[in-house]
Amino acid sequence: MKNSQDGRLKAEALQLTGPARLTGAGSGEGALFMLLSGSGALHWPQGPEEGLGAGPGSVLLLGRRDCDFVPAGEWPAQLMGCRFPLEMMTEAQKSSLLDAARPPLVLLGEMAWSRRMYALLELVNAAWQEPDCPGRLYLALLLHYVSRQAAAGQNAAQPRNETIEKICSYLSANYSQKLDLGSVAARFYLSPYYLSRLFRRVTGQSIVDFINARRIEAARRLLETSDLGINDVAEATGFSTTAHFRRVFREHVGVSPMQYRKARRGG
């Protein structure tokens, strides 16, 4: 773990193939990471045995306790983020976001929110070593969007349901595996019909749509950051065929995977 005693925000990029400690209790340091590709689960003392699942686009806000990230599946988990002294946070932020009695935050917002967080983390990554880097400003903006998303989750119009929250966590961590309504229902001891109705009532979308959104977010990151072929991207993100991947990608993004890669890489 990097030392933050100089009171600065520090960018960090990780590629994990095995468990890694992201923060440690008593370190006086917090961390904010976005999971770009791959998936896994966050574990901490006295947390749930299966951990808290995270998939592409998930933002992890950690501090005040030991937190380990355990990748899932055969593909590495890529994370981009920053570490910072907890003293850089206001007391209100510490109380609302990193209260010692609360579990770590794992947030997954709408695509627009994810893109803002990604853009801010890219700015941090590009500027953090500069002497005049406005680290406190970047951190304040990141925590502003984290606070808004956390509040939106607490005040959502849809009813809360602990079982569905566990299922969403499981799907986020295992989106690259072969998943269907029947297998997910059996894992959580529910009938497919009941799960389908309950999932839509609580989340506002179907299980298939939820899984595809996680897969497409992962595919976008791989297209932006890797040289994997389209077939390999489809396989890595859990699509059964390349044709199905292309169709779903175009439905979500509006262009083909290759067109998206060219546009993001400047032609």
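**Close-up views of a predicted model**

**View 1. Strands β4 and β5 in an open sheet.** Strand β4 (residues 39-43) and β5 pair in the antiparallel sense over three bridges, where pairing requires that DSSP finds at least two bridges between two strands, and strands are DSSP runs of E with at least two residues, helices runs of H or I with at least four, both numbered from the N terminus. L52 in β5 is the bridge partner of L42. This is a predicted model, in which local features need pLDDT of at least 70 and side-chain atom pairs count only at pLDDT 80 or more, whereas totals for chains, interfaces and linings use all residues. Residues are numbered from 1 along each chain as its sequence is written, and side-chain values use heavy atoms, with hydrogens and water left out.

**View 2. Edges of the open sheet.** The sheet consists of four strands in the order β2-β7-β4-β5, with antiparallel pairing. β2 (20-23) and β5 (52-54) stand at its edges, each with a single partner strand, so one side of each has no neighbour in the sheet.

**View 3. Strand β6 and its partners.** From strand β6 (residues 59-62), V59 and L61 point one way and L60 and L62 the other way, and all are buried, that is, under 20% relative accessible area with a 1.4 Å probe and protein chains only. Strand β3 (residues 29-37) is joined to β6 by four bridges and runs antiparallel to it, with L32 opposite L61. Three bridges join β6 to strand β9 (residues 105-107), also in an antiparallel arrangement, and here V59 stands opposite L107.

Key:
Buried < 20%, exposed > 50% of the residue type's maximum accessible area, 1.4 Å probe, protein only.
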